[in-house]
Amino acid sequence: MSIDIGLLLLRVITGVLLAGHGMQKISYRFGGHGLRGGIEEFRSDGFRGGAITALAAGLGQLGSGLFLAAGLATPAAAMAAIGVMTVAATVKARNGLWVQHDGYEFPLVLITIASALAFTGAGAYSVDALLGLDHLVPWFGLGAVTLGVGAGLTARLVLHTPNPSRTES
């Protein structure tokens with residue numbers, strides 16, 4: 001029972017924060033700058049795609065966060081969270097690890113939590129458990145992590161172009 005309560009806390013807090021992070025990219029909620037702000041953020045980071053890229057990232061974070069919080073389709077939700085946060089980690093990697101220097105610390109924590117949930121499942125207090133989908137085989141977790149990281153790296157490779165206005169040190 002205590003493991004299930006721990007998984008519930010981990011899922012709900014992480015999922016709600018991830019969903020809120022996504023809302024910031026596409027709306028004015030939680031201090032966001034609306035879709036225009038999301039578009040500008042991605043452009044300044046060297047990404048093509050404009051509104052489609054910002055919407056995909058924001059909706060990916062929002063959806064995966066809500067699904068993780070509910071414990072619904074947990075491996076798929078974890079895969080989506082891992083994918084979008086892998087892109088974020090690659091963007092922030094040039095700044096080092098620590099978040100106070102705009103590093104990749106926070107995306108790495110979210111990737112790690114989502115990976116752990118992909119392997120453990122959502123626990124007894126989840127929609128997955130209510131639907132009888134809580135008995136995961138180990139390859140579900142491995143598949144979610146592998147596909148999530150692979151999708152994030154592919155998105156970075158396909159959508160990112162060097163920004164000539166940015167000077168790198």
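Buried here means under 20% relative accessible area, exposed over 50%, and partly exposed in between (1.4 Å probe, protein chains only). The model is predicted, so local features need pLDDT of at least 70 and side-chain atom pairs count only at pLDDT 80 or more, while totals for chains, interfaces and linings use all residues. Residues are numbered from 1 along each chain as its sequence is written, and side-chain values use heavy atoms, leaving out hydrogens and water.

**View A. Tyr125 and a nonpolar surface patch.** Tyr125 sits in the loop between α5 (105-120) and α6 (127-130); helices are DSSP runs of H or I with at least four residues, strands are runs of E with at least two, and both are numbered from the N terminus. With a relative accessible area of 38%, Tyr125 is partly exposed. Its patch partners are Met1, Ile5 and Leu9, and the four together show about 440 Å² of accessible area (Shrake-Rupley method, 1.4 Å probe; for residues, only the protein chains shown count as cover). Patch members have over 30% relative accessible area and no salt bridge, with like charges joined within 9 Å and nonpolar side chains (Val, Leu, Ile, Met, Phe, Trp, Tyr) within 5 Å. A salt bridge is a side-chain nitrogen of Lys or Arg within 4 Å of a carboxyl oxygen of Asp or Glu.

**View B. Ser64 in helix α3 (residues 50-70).** Ser64 is buried, at 4% relative accessible area. Leaving aside residues up to four places away in sequence, Ser64 touches Leu18, Leu59, Ala77, Ala80 and Ala81 (contact: heavy atoms within 4.5 Å).

**View C. The two sides of helix α7 (residues 138-159).** This 22-residue helix reaches 32 Å from first C-alpha to last, close to the 32 Å expected at 1.5 Å a residue (1.5 Å times one less than the number of residues). Gly141, Ala144, Gly148 and Gly152 are buried in α7. They cover an arc of only 60 degrees around the axis, so they lie on the same side of α7 (the arc uses directions from the helix axis to the C-beta atoms). The buried residues of α7 pack against α4 (74-92) and α5. Turned away from that buried side is a face with the exposed residues Pro138, Trp139, Leu142, Leu147 and Leu157.

**View D. Helix α5 and its neighbours.** Among the buried residues of α5 are Pro107, Leu110, Ile111 and Leu117. The helix's buried residues pack against α1 (2-26), α3, α4 and α7. Just after α5 comes Gly121, with a positive phi near 85 degrees.
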